Amino acid sequence: MIIPIPAGPQPPPNYTQVSPSWARKVKTRLVLLGLILLVGSPVIAVAAIWWAFELPAAETAAMILVSGLCGLSGFFSVMVGGFALIGQSYVKRGWLNVTYAAGVWRASLVIWISCVFSSFLSGALFILLVGASVRRGGAFDMGSIACLGLIVLPAVLSGMCFMLAIQKLRV
């Protein structure tokens with residue numbers, strides 16, 4: 001069965017007037033968090049991957065899956081930062097383009113959920129690997145806890161960015 005896709009012009013944008021001070025504040029916050037995610041997430045992901053391979057539990061092949069999921073979480077976090085930078089462009093001269101801003105925060109939601117999912121899977125597998133290493137005589141030390149924190153950090157940062165976007169771009 002073929003389902004027809006409606007074609008035609010997109011609906012016209014819906015604008016809402018906002019105060020200039022509110023617009024400045026929103027643009028500043030979205031740019032700041034977007035740039036932090038664009039620069040910080042790859043650094044955090046690389047640091048978590050490097051640190052994970054320095055731990056005693058890194059002798060198993062499953063640590064490659066942990067590092068891949070951690071890198072994927074960092075990639076999704078970078079995408080949320082990019083959406084924050086895109087979202088700030090829909091606030092111009094005291095007007096908020098509600099139609100396009102809604103698309104930005106909806107896309108940010110999907111990407112953030114993907115980031116949380118990959119970060120959760122990576123963290124859970126990391127805990128299982130470290131736990132197996134402890135049973136074999138390894139240690140669950142502060143290095144393991146710090147690495148787990150680095151694995152979860154991209155999801156936390158992108159969640160903060162998404163919450164800011166949904167608060168500021170949703171009318």
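A nonpolar core is a set of buried Ala, Val, Leu, Ile, Met, Phe, Trp, Tyr and Cys residues joined through side-chain atoms within 4.5 Å. In this predicted model, the largest such core has 42 residues, and among them Leu30, Met63, Val66, Leu96, Phe126, Ile151 and Leu169 touch the most other members. Helix 1, helix 2 (62–88), helix 3 and helix 4 (142–169) each supply at least two residues of this core, and the most comes from helix 3, which gives 12 residues. Val66 offers a view of the contacts around one of these core residues: leaving aside residues up to four places away in sequence, Val66 touches Ser122, Leu125, Phe126, Leu129 and Ile151.

Beside the helices there is a sheet, an open one, in which three strands follow the order 1-3-2 with antiparallel pairing. Strand 1 (15–17) and strand 2 (91–92) stand at the edges, and because each has a single partner strand, one side of each is left without a neighbour in the sheet. Strand 2 and strand 3 (residues 95–97) run antiparallel and are joined by two bridges, with Lys92 having Trp95 as its bridge partner in strand 3. Helix 3 (residues 98–135) packs on the sheet, where it touches strand 1 and strand 3, and the direction of helix 3 makes about 55 degrees with that of strand 3.

A last stop is Pro42, which lies in helix 1 (residues 20–54). Is Pro42 buried, partly exposed or exposed? Pro42 counts as partly exposed because its relative accessible area is 34%, whereas buried means under 20% and exposed over 50%. Not counting residues up to four places away in sequence, Pro42 touches Leu37 and Val78. The C-alpha atom of Pro42 is separated by 12 Å from that of Ser158, although the two residues are 116 residues apart along the chain.

Technical notes
Residues are numbered from 1 along each chain as its sequence is written. This is a predicted model: local features need pLDDT of at least 70, side-chain atom pairs count only at pLDDT 80 or more; totals for chains, interfaces and linings use all residues. Side-chain values use heavy atoms; hydrogens and water are left out. Two strands pair if DSSP finds at least two bridges between them. Helices (H or I, at least four residues) and strands (E, at least two) are DSSP runs, numbered from the N terminus. Contact means heavy atoms within 4.5 Å. Axes are lines fitted to C-alpha atoms, for helices over the stretch in contact, and angles run from 0 to 180 degrees between N-to-C directions. Buried means under 20% relative accessible area, exposed over 50%, partly exposed in between (1.4 Å probe, protein chains only).
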